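This report concerns the arrangement of strands and helices in the structure shown below. The sheet is treated first, followed by the helices.

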Amino acid sequence: MKKEFLDLGQQPIANKFLYWEEVNGDTDTEEFFFDLKVVFDEETNLVSLKEFVKPELMFNEDYKYNTSLSVPMVEHFKKTAELMKELRNDYGYKTDNVLEIGSNDGPFVSNFENAVCVEPCDNFVEKTEELGYKTYNAFWTTELAENIVNEFGKMDLIYSANCICHIQDLDDCFQAVKNTLSEKGMFVFEDPSLLRMMERGSYDQIYDEHAHVFSVLALKKILARNDLQIFRVDDLSHIHGGSNRIYVRRMNINSNMFDASGSVFEAIRQEKEFGLDKFETYKVFANRVEKSKKDLVEKLNQYKKEGKKVASYGATSKSTTVFNYCDIGTDLIDLISDTTPDKIGLYAPGSHIPVKNRSEVNILDYDVLFLGAWNFKDTIANKEQEFIKKGGKFLTHVPQVMEFS
Ligand code: TMP
């Protein structure tokens, strides 16, 4: 049975930044909102959104997240690709046929000579095609997998980052993986970790795209019913606010892939210790989220009373959840500073806070900067030393609402 534990209110498409005309009502398309509620499945322990948003509304030619513009993420994918190559000997798999599900603008595949890409967002397709990789402009399904196998054969390495948790029907997704994976092939995927989200109180990992927030516990059960098995978990505490990289093989085959380091066992031990298999744990989390909202709104109102100038730093999908859940608009935050060309000049979903180019915002005019991109806290604090020296404060809600400098 699925039990609801959290209600984050009416939310828009988290990554759909709006044009001036859309915000000022000159067009007749009204902004789309849905109820962002979260459920826990007692049978599988999977945490998912209660109501899924139609994938076409989120993943289309307007998708504004070019991974290649993020220096730390490009570095991460380069290192990951090197690791995948290094592990060939240990695990006895090949990388002749590589497939990436959700290839974005190609920072992972570009490290391989041959690869096939799957990418539903039209704007990225030509990028990976230009790099020389066949790219299917489609969602990952059993039907698509069949076409890929017919054209390219089975895959030795299937990789996916921050995408499997977007897929609403996980059984279809994993069946498609099983049907595509070569006998001794490896499926590796990374997504935000439920344990880290719960530990850090980072409820803003929850938004429309994240149909699920994964625990290893839940994945183990869902993969098993699709004849797949986890044999290694890497803890990526520094990626997207805390992620897991999950390594998967076919069930019941003779292979070098097994839990040699005990990482799967250890990940599940930690999750059970935290109580991720118990509904009560989620009720405690929900109370913490409510308190976080109260504290953040109080803090922002206090700044307003004191006449302090407040901006936000990083126009993230995560901050869409925070601003809409906490009902924060231009009354409390003047603008969002960001470096992504596609977001600059637009307005944040729901809150309609304007997004301005970092190079055009005089950060020193501000007293407080709310960290929308709290996952890059250290990078940002290092970059903005002048702001700190002048007495500026950063404000974050992770792990609790607090100022730092
Ligand atoms: P993410 O947390 O989803 O990766 O998004 C990070 C956003 O923050 C992205 O729009 C880029 C922006 N950003 C800046 O504007 N300046 C920075 O220094 C960093 C690290 C990110």
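**The sheet**

In this predicted model, seven strands form an open sheet with mixed pairing, and their order is β6-β5-β4-β7-β8-β11-β10. The edges are strand β6 (134-136) and strand β10 (228-236), each of which pairs on one side only. On average, neighbouring strands of the sheet are turned by 20° against each other, with direction ignored.

Within the sheet, strand β8 (residues 181-192) pairs with strand β11 (residues 243-250) in the antiparallel sense, over six bridges. Phe 187 has Val 248 of β11 as its bridge partner.

**Helix α6 on the sheet**

Helix α6 packs on the sheet and touches β4 (98-101), β7 (155-161), β8, β10 and β11. The direction of α6 makes about 145° with that of β8.

**Packing of α5 and α6**

Two packed helices are described by the angle between their axes and the distance between the axes. Helix α5 (residues 142-152) packs with helix α6 (residues 170-180) at an angle of about 15°, and their axes are 8 Å apart. Because angles under 35 degrees count as roughly parallel, α5 is roughly parallel to α6. The crossing of α5 past α6 is right-handed.

On the α5 side, the contact is made by Thr 142, Ala 145 and Val 149. On the α6 side, Asp 172, Gln 175, Ala 176, Asn 179 and Thr 180 take part. Sorted by class, the contact of α5 with α6 has three nonpolar, four polar and one charged residues.

Definitions and conventions. Residues are numbered from 1 along each chain as its sequence is written. This is a predicted model: local features need pLDDT of at least 70, side-chain atom pairs count only at pLDDT 80 or more; totals for chains, interfaces and linings use all residues. Side-chain values use heavy atoms; hydrogens and water are left out. Axes are lines fitted to C-alpha atoms, for helices over the stretch in contact, and angles run from 0 to 180 degrees between N-to-C directions. Helices (H or I, at least four residues) and strands (E, at least two) are DSSP runs, numbered from the N terminus. Angles under 35 degrees count as roughly parallel, over 145 as roughly antiparallel, 65 to 115 as roughly perpendicular and the rest as oblique. A crossing is left-handed if the near helix is turned anticlockwise from the far one by less than a right angle, and right-handed if clockwise. Contact means heavy atoms within 4.5 Å. Ala, Val, Leu, Ile, Met, Phe, Trp, Tyr, Cys and Pro count as nonpolar, Asp, Glu, Lys and Arg as charged, and the others, Gly among them, as polar. Two strands pair if DSSP finds at least two bridges between them.
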